[in-house]
Amino acid sequence: MQRNLFFLYRRCRDLRTVNASRTQRDCLAEVMQGIHKRGWCDGTGGNFSVVLQHQPLQLLMAPSGVDKGQVRADQLIVVDQICNVLQGEGKASAETSLHLRIVEATQAGAVLHTHSVAGTVLSRHYEGKRGILLEGWEMLKGLVGIKTHATSINIPIISNSQSMQELGDAIAPSLKSAPCGFLVAGHGLYAWGADLEASKQHLEILEFLLKVKLTQMQIAHQS
Ligand SMILES: [Zn+2]
């Protein structure tokens with residue numbers, strides 16, 4: 001009887017799971033490997049998700065605790081809006097609920113979360129100011145809606161916590177006005193966009209600008 005119930009549960013679960021296409025799996029695995037190569041998610045750090053459907057929300061992502069430079073397309077898991085794993089082996093990362101909140105608030109198509117050196121150091125340094133102001137850089141034009149270098153953005157910073165509820169509540173008021181990204185102090189960067197490609201572009205631009213800021217501070221001390 002219990003065995004039948006188990007198969008019935010598995011069948012119901014499989015019926016409501018959106019199947020990620022080969023392309024979606026391959027693209028996400030490729031993006032994660034590229035980010036890992038750049039040293040932005042060493043160890044098993046960082047997490048990356050693609051929205052398979054918004055209603056009800058389902059994400060394709062890497063399981064918890066795996067090396068993002070090694071993860072294969074067929075190892076990716078599908079997770080629902082309350083962090084249940086609908087498809088694939090392994091557990092959903094603790095940070096999944098923050099990905100879900102970002103997607104719900106911004107209607108993003110993907111969320112990329114890195115642990116780069118620049119993001120980690122600067123977010124701690126500017127934690128008291130609750131944000132990092134970046135202005136006048138040509139690369140700002142890589143962010144959606146920005147057409148000129150003669151502008152500025154403020155990347156919000158929230159304090160770190162092991163409670164995803166706390167992190168989500170702290171960033172919620174700033175999500176809509178954030179420049180497609182925010183920092184968690186001493187931890188790393190979250191970036192998003194309309195789809196995986198746009199999210200990757202925003203991540204690269206924000207990481208570039210953070211590295212510029214860090215380099216600028218380093219040379220200021222030398223001169
Ligand atoms: Zn993290």
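Visitor: What radius of gyration does the protein chain have, set against a compact globule of 223 residues?
Guide: Happy to start there, with the reminder that this is a predicted model. A compact globule with 223 residues would have a radius of gyration near 17 Å. The protein chain agrees with that expectation, as its own value is 18 Å.

Visitor: Along its principal axes, what does the C-alpha trace span?
Guide: The protein chain is built from six helices and nine strands, and 39% of its 223 residues count as buried. Along the principal axes, the C-alpha trace spans about 75 × 30 × 30 Å.

Visitor: Over which residues is the pLDDT below 50?
Guide: Overall the picture is good, as the chain averages a pLDDT of 92 and 92% of the residues score at least 70. One stretch falls below 50, and beyond near neighbours in sequence it has one contact in the model. Where pLDDT is low, the predicted coordinates should not be read in detail. The stretch in question is residues 11-15.

Visitor: Which strands does β1 pair with?
Guide: Strand β1 covers residues 47-53, and six of its seven residues are buried. Four bridges join β1 to β2 (residues 58-61) in the antiparallel sense, and the two form a hairpin with four residues between them. Another four bridges, also antiparallel, join β1 to residues 110-114. The partners of β1 are therefore β2 and β5.

Visitor: Which residues stand opposite asparagine 47 and serine 49?
Guide: Take the β2 side first: serine 49 faces methionine 61 there. On the β5 side, the residue opposite asparagine 47 is histidine 113.

Visitor: In β3, what is the bridge partner of leucine 60?
Guide: β2 and β3 pair in the antiparallel sense over four bridges. Leucine 60 touches several residues beyond its neighbours in sequence, including Leu28, Val50, Leu76 and Val78. Its bridge partner in β3 is valine 78.

Visitor: Which residues have the most contacts inside the largest nonpolar core?
Guide: In soluble globular proteins, nonpolar side chains tend to be buried together. Here the largest nonpolar core has 58 residues. Those with the most contacts inside that core are Leu28 and Leu60.

Visitor: Which residues of β3 are buried on each side?
Guide: Strand β3 runs over residues 77-80, and both of its faces are covered. One side carries Ile77 and Val79, while the other carries Val78 and Asp80.

Visitor: In the hairpin of β3 and β4, which residue takes a positive phi?
Guide: β3 pairs with β4 (residues 85-87) in the antiparallel sense over two bridges, and valine 79 has valine 85 as its bridge partner in β4. Four residues lie between the strands of this hairpin. The residue with a positive phi, near 70 degrees, is cysteine 83.

Visitor: How far apart are the end C-alpha atoms of helix α6?
Guide: Helix α6 has 27 residues, 196-222, and its buried residues include Leu203, Leu206 and Leu210. At 1.5 Å a residue the helix should span 39 Å. The model agrees, with the end C-alpha atoms separated by 39 Å.

Visitor: Does lysine 211 count as buried, exposed or partly exposed, and what is its class?
Guide: Lysine 211 is found in helix α6, and its C-alpha atom is separated by 8.0 Å from that of glycine 119, 92 residues apart along the chain. Lysine 211 has 15 C-beta neighbours inside 10 Å. A residue needs 20 or more to be buried and 12 or fewer to be exposed, so lysine 211 counts as partly exposed.

Conventions. Residues are numbered from 1 along each chain as its sequence is written. This is a predicted model: local features need pLDDT of at least 70, side-chain atom pairs count only at pLDDT 80 or more; totals for chains, interfaces and linings use all residues. pLDDT is the predictor's confidence in each residue, from 0 to 100. Two residues are in contact if their C-beta atoms, placed from the backbone, lie within 7 Å. The radius of gyration is taken over C-alpha atoms; the globule rule is 2.2 Å times the number of residues to the power 0.38. Two strands pair if DSSP finds at least two bridges between them. The expected span of a helix is 1.5 Å times one less than its number of residues. A nonpolar core is a set of buried Ala, Val, Leu, Ile, Met, Phe, Trp, Tyr and Cys residues joined through C-beta atoms within 7 Å. Lists of a residue's contacts leave out its neighbours within four places in sequence.
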